[in-house]
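Biologist: Before we talk about particular elements, I would like each label to be justified by the value behind it. Could you take me through the reasoning step by step?

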Amino acid sequence: MFRRTLIAMAESAPKRLKTDAPLIGTHNGHFHADEALAVHMLRMLPDYRDSPLIRTRDPQALATCHTVVDVGGEYDASRNRFDHHQRGFDTTFPGRATKLSSAGLVFLHFGRQIIAQKLNRPVDSAEVTLLHNKIYESFIEALDAHDNGISVYDPKAIAAAGLEKRFSDGGFGLGALVGRLNPNWNDPKPEDKDEAQKAEDEKFLKASARIGEEFEADLTYYAGSWLPARAVVEEAFSKRHEHDSEGRILVFDGSSVPWKDHLYNLEDGKPSVLYVLYAEGSGPGSKWRIQCVPESKDSFVSRKPLPEAWRGFRDQELDGIAGVEGCVFVHAAGFIGGNKTFEGAMQMAKKALA
């Protein structure tokens, strides 16, 4: 008879070991971010919430599992088999080029349910579709690429351009977040085989909970902040020609919202907005900011930086240089500035355009 170890996300909660809950299987040994997150995402759903977990490479043990992730050499969603290591596997998320890992496979097939549950919306609603695509691109795809050995940039193109990293980023990313929770090669290890497996399983559960915490934080942000911001940005975008005939100034009547993703989407590949104006707070008398739109979401290069002559100056000295009253500052890099009033910030924007 084969040996199998059933483990629960919280061993102090016996109810997790309900025998009618679907059994999840993954591999034992060194664990990675993709299967750690795949297990967590499954357990976010009601059907899997009380599921026990088996970590093994024993084919007989895996055959008893309702759902298997990252092991078994098989991808068959109809049978809940989600491995990506087999020869010939090349499945990607719709519209993306990165080959999926077990995290991507689980998100592809169960992500809509997870998001619909969070939003309390039908699984086929437009909001769910929007977040399914956005969260894949912003979170899951990085795990897929990491597990499949895909670099962010083409190494040959980097070498051909003669580019070198200016500093070490410490190797920290979603993959490292989980990877560092694996046992070290020289950590003490129980001599008893079952005890050693139990200790390893406990580390895996910690890793699954940790990467799951990051995923849920991302989901909460996009569902609770990013998505509601879309309507605000759409309204401001529709009024942009009221402030400038060419639509180069975007104004938020209240305080700022997460706007970059939505703006780029609304522009649909035709960049037009150069400056975004918003109040620092919602109270009366709040100061206003003027922020330059970057060339891309992650770029530090602005489409049109604030004038070089203004940069690094503050208050009355800046008033005299810019010819605008109420100036507060302009950053030395020229990507953001401030004024005491909306009218002053608008003057700064229009002078910067000229």
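Biologist: Among contacts in the chain between residues at least 6 apart in sequence, what percentage join residues at least 24 apart?

Modeller: This is a predicted model, and in it 64% of the contacts between residues at least 6 apart in sequence join residues at least 24 apart. The chain they belong to has 10 helices and 11 strands, and its C-alpha atoms fill a box of roughly 85 × 50 × 40 Å along the principal axes. Of its 354 residues, 44% are buried.

Biologist: What makes H3 "largely enclosed" by the rest of the structure?

Modeller: A residue is called buried when its relative accessible area is under 20%. In H3, 13 of the 18 residues are buried, so the helix is described as largely enclosed by the rest of the structure.

Biologist: How do you know that the length of H3 is close to what is expected for its 18 residues, and where is its kink centred?

Modeller: The expected span is 1.5 Å times one less than the number of residues, which for H3 gives 26 Å, and the distance from its first C-alpha to its last is 24 Å, close to that value. The kink, of about 60°, is centred on Phe110.

Biologist: What is notable about phi of Asn120, and why is Asn120 called exposed?

Modeller: Asn120 follows H3 and is found in the loop between H3 and H4. Its phi is near 55°, a positive value in a residue other than glycine. The cut-off for "exposed" is a relative accessible area over 50%; Asn120, at 69%, therefore counts as exposed.

Biologist: Which loop holds Asp268, and why is Asp268 called exposed?

Modeller: Asp268 lies in the loop between H8 and S8, and its phi, near 55°, is again a positive value in a residue other than glycine. With a relative accessible area of 61%, set against the cut-off of over 50%, Asp268 is exposed.

Biologist: How do you know that the end-to-end distance of H4 agrees with its number of residues, and where does H4 bend?

Modeller: At 1.5 Å a residue, the 22 residues of H4 should span 32 Å, and its end C-alpha atoms are 30 Å apart, which agrees. H4 nevertheless bends by about 50° at Ile140. Beyond the helix comes Gly149, whose phi is positive, near 70°.

Biologist: Which residues of H4 are buried, and what covers them?

Modeller: The buried residues of H4 include Val128, Leu131, Ile135, Phe139 and Ile140, and among them are also the charged residues Lys134, Glu141 and Asp144. What covers the buried residues of H4 includes the helices H1, H3, H6, H7 and H8.

Biologist: What makes H4 stand out in the lining of the largest pocket?

Modeller: H4 supplies 8 residues, the largest share of that lining, while H4, H5 and H6 each supply at least two. The pocket contains about 1,200 Å³ of space and is lined by 28 residues, of which Ala142, Ala145, Ser151, Val152 and Tyr153 lie nearest its centre. By residue class, the lining divides into 11 nonpolar, 8 polar and 9 charged.

Biologist: How do the lining residues of the second largest pocket divide by class, and how many fall in each?

Modeller: They divide into 6 nonpolar, 6 polar and 6 charged. This pocket has a volume of about 340 Å³, and of its 18 lining residues Pro183, Lys189, Pro190, Ala196 and Glu200 lie nearest the centre.

Biologist: Why does Lys206 count as exposed?

Modeller: Lys206 lies in helix H7, and its relative accessibility is 55%, which passes the cut-off of over 50%, so Lys206 counts as exposed. Its C-alpha atom is separated by 9.8 Å from that of Asn182, 24 residues apart along the chain.

Biologist: How do you know that the span of H10 agrees with its number of residues, and what covers its buried residues?

Modeller: The 12 residues of H10 should span 16 Å, and its end C-alpha atoms are 17 Å apart, which agrees. Its buried residues include Gly344, Met346, Met348 and Leu353, and what covers the buried residues of H10 includes the strands S7, S8, S9, S10 and S11.

Conventions: Residues are numbered from 1 along each chain as its sequence is written. This is a predicted model: local features need pLDDT of at least 70, side-chain atom pairs count only at pLDDT 80 or more; totals for chains, interfaces and linings use all residues. Side-chain values use heavy atoms; hydrogens and water are left out. On a 1 Å grid over the protein atoms alone, a cavity is a set of points where a 1.4 Å probe fits but cannot get out, and a pocket is an open set with protein on both sides within 12 Å along at least five of seven lines; lining residues have an atom within 4 Å of a point. Grid points are joined across faces, edges and corners, and a volume is the space filled by probe spheres set on the points. Helices (H or I, at least four residues) and strands (E, at least two) are DSSP runs, numbered from the N terminus. The bend at a residue is the angle between axes fitted to the seven residues ending there and the seven starting there. Buried means under 20% relative accessible area, exposed over 50%, partly exposed in between (1.4 Å probe, protein chains only). Contact means heavy atoms within 4.5 Å.
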